[in-house]
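Q: I would like a close look at a single part of this protein, followed by an account of its wider setting. Please give the cut-off behind each term as it arises.

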Amino acid sequence: MNILLTGGCGYIGSHVAVVLMSAGHQVFIVDDLSNSRRDVVGNIAEIAGRSPAFYEGDVGDVAFVRDIFRRHQIEAVIHLAGFKSVGESVQWPLKYYQNNICGSLGLFQAMEAESVSKLVFSSSATIYGDPQYLPVDEAHPQHVTNAYGRSKLHIEDMLRDISASRPSLGVVCLRYFNPVGAHDSGLIGEYPRGIPNNLMPYVVQVASGKREVLSVFGGDYPTPDGTGVRDFIHVMDLAEGHLAALNFLSSNKGWHAFNLGTGRGFSVLEMIRAFEKESGRTVPFRMAARREGDVACSYADVQSAERALKWKATRVLEDMCSSAWLFQNRLSTKD
Ligand code: WQD
């Protein structure tokens with residue numbers, strides 16, 4: 001199938017591209033490179049043995065996207081392009097609404113104009129807010145507390161309305177928990193610009209000596225060791241979940257949403273210990289105050305995805321740590 005992959009030069013996008021191409025699909029990447037690097041296309045090609053097509057541009061530019069749809073008879077869209085920092089979204093909400101919501105709106109208008117009827121959308125567990133029960137299932141109340149999460153929820157709701165008006169359309173919203181790790185080749189991985197917001201890239205940079213110490217945000221949560229608990233999922237399991245969603249759309253229409261997680265939570269301290277074991281490095285850390293907006297504990301109920309998508313995460317915490325460390329080492333030799 002010919003698939004348009006927005007944000008395909010990013011962390012999740014590059015892994016999705018590899019999985020789709022390994023499954024025999026033709027991938028057409030659209031990325032504005034605002035938070036990614038052009039040379040990722042070459043890394044994807046090195047892994048897949050052939051290159052995806054690449055267009056630099058704005059997914060919200062209707063004429064630009066329609067031209068790509070027509071030129072390549074695109075049959076499905078996997079939409080990952082979007083800003084994704086919770087903290088930044090609190091500081092710059094308009095930037096998030098413009099980029100995430102207006103960008104998606106243009107893409108959906110182009111899809112409708114060119115009768116493209118399959119969409120997999122990158123959503124987030126952030127839309128659930130502080131869990132009222134665990135594990136979190138898809139019916140959990142939605143309580144967004146920041147512009148990033150609100151943009152994801154608004155886009156999901158836009159897609160509910162669009163799919164209700166267009167019976168031929170099939171939509172799957174994938175609600176990511178905490179993606180970490182990298183492809184086994186070490187050629188692609190998480191490469192954030194500036195100071196990492198998320199735990200794993202920060203741990204990796206401390207282990208490599210790029211940063212001195214990790215601040216553990218809160219040691220007094222009502223969790224077994226007092227630190228935050230999250231459902232960390234290997235990025236390759238997450239990427240395979242997108243292929244499973246695409247296959248699901250070959251025989252299903254309408255709007256659907258699925259959690260992508262492992263169904264199990266690990267604490268910050270457990271992640272640090274696992275990483276030290278896999279990397280052979282010490283990760284110096286200091287206990288710090290809780291981070292505004294953080295929840296104590298979150299992990300997914302993944303039964304819906306397992307049943308409907310016939311998909312299940314298989315990689316363990318050790319795989320996540322060893323692959324992230326491999327990628328960092330390859331970066332260090334490159335930089
Ligand atoms: C995980 C745990 C922190 C950094 C966010 C977004 C979510 C998704 C993934 C986009 C928490 C602790 C972190 C650090 C720390 N992104 N931590 N020191 O906040 O669960 O989720 O990223 O879709 O939408 O909300 O992930 O990796 O930032 O934090 O102690 O330097 O690690 O307090 O307990 P989070 P995270």
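Which residues does S267 touch, not counting residues up to four places away in sequence?

A: S267 touches D225, T227, G228 and V229 when residues up to four places away in sequence are left out, a contact being heavy atoms within 4.5 Å. The model is a predicted one, in which local features need pLDDT of at least 70 and side-chain atom pairs count only at pLDDT 80 or more, while totals for chains, interfaces and linings use all residues. Residues are numbered from 1 along each chain as its sequence is written, and side-chain values use heavy atoms, with hydrogens and water left out.

S267 belongs to strand β12, which covers residues 266-267; helices (H or I, at least four residues) and strands (E, at least two) are DSSP runs numbered from the N terminus. With a relative accessibility of 2%, S267 counts as buried; buried means under 20% relative accessible area, exposed over 50%, and partly exposed in between, for a 1.4 Å probe and protein chains only. G226 lies 41 residues from S267 in sequence, yet the two are 8.4 Å apart in space, C-alpha to C-alpha.

One of the contacts of S267, G228, leads on to V295. The C-alpha atoms of V295 and G228 are separated by 7.3 Å, although their positions lie 67 residues apart along the chain. V295 sits in the loop between β13 (285-288) and α10 (303-308) and is buried, with a relative accessible area of 15%. Neighbours within four places in sequence aside, V295 is in contact with G129, D130, P131, Y221 and R230.

The wider setting comes next. The protein has 11 helices and 13 strands, and 55% of its 335 residues count as buried. Among contacts between residues at least 6 apart in sequence, 79% join residues at least 24 apart. The C-alpha trace spans about 55 × 45 × 40 Å along its principal axes. The radius of gyration is 19 Å, which agrees with the value near 20 Å for a compact globule of 335 residues; this radius is taken over C-alpha atoms, and the globule rule is 2.2 Å times the number of residues to the power 0.38.

Helix α3 (residues 62-72) has V65, I68, F69 and H72 as its buried residues. They cover an arc of only 100 degrees around the axis, and so lie on the same side of α3; the arc is that of the directions from the helix axis to the C-beta atoms. These buried residues pack against β1 (2-6), β2 (26-31), β3 (53-56), β4 (76-79) and α5 (93-113). H72 counts as buried at 17% relative accessibility, and its contacts beyond four places in sequence are N2, F28 and Y55. Q73 follows α3 and has a positive phi, near 45 degrees.

Helix α5 contains S104, which is buried at a relative accessible area of 1%. Outside its neighbours within four places in sequence, S104 is in contact with H79, N99 and I155. M158 is 54 residues from S104 in sequence and 9.4 Å from it in space, C-alpha to C-alpha.

α5 also borders an internal space. On a 1 Å grid over the protein atoms alone, a cavity is a set of points where a 1.4 Å probe fits but cannot get out, a pocket is an open set with protein on both sides within 12 Å along at least five of seven lines, and lining residues have an atom within 4 Å of a point. Grid points are joined across faces, edges and corners, and a volume is the space filled by probe spheres set on the points. The structure holds 1 cavity of 30 Å³ or more, and the largest cavity has a volume of about 40 Å³. Its lining consists of F108, M111, E112, V116, L159, I162, R166 and L169. α5 gives the most to this lining, with 3 residues. By class, the lining divides into 6 nonpolar, no polar and 2 charged residues, where Ala, Val, Leu, Ile, Met, Phe, Trp, Tyr, Cys and Pro count as nonpolar, Asp, Glu, Lys and Arg as charged, and the others, Gly among them, as polar.

The second largest pocket holds about 210 Å³ of space. Among its 16 lining residues, E190, V204, Q205, Q328 and L331 lie nearest its centre. α11 gives the most to the lining, with 5 residues.
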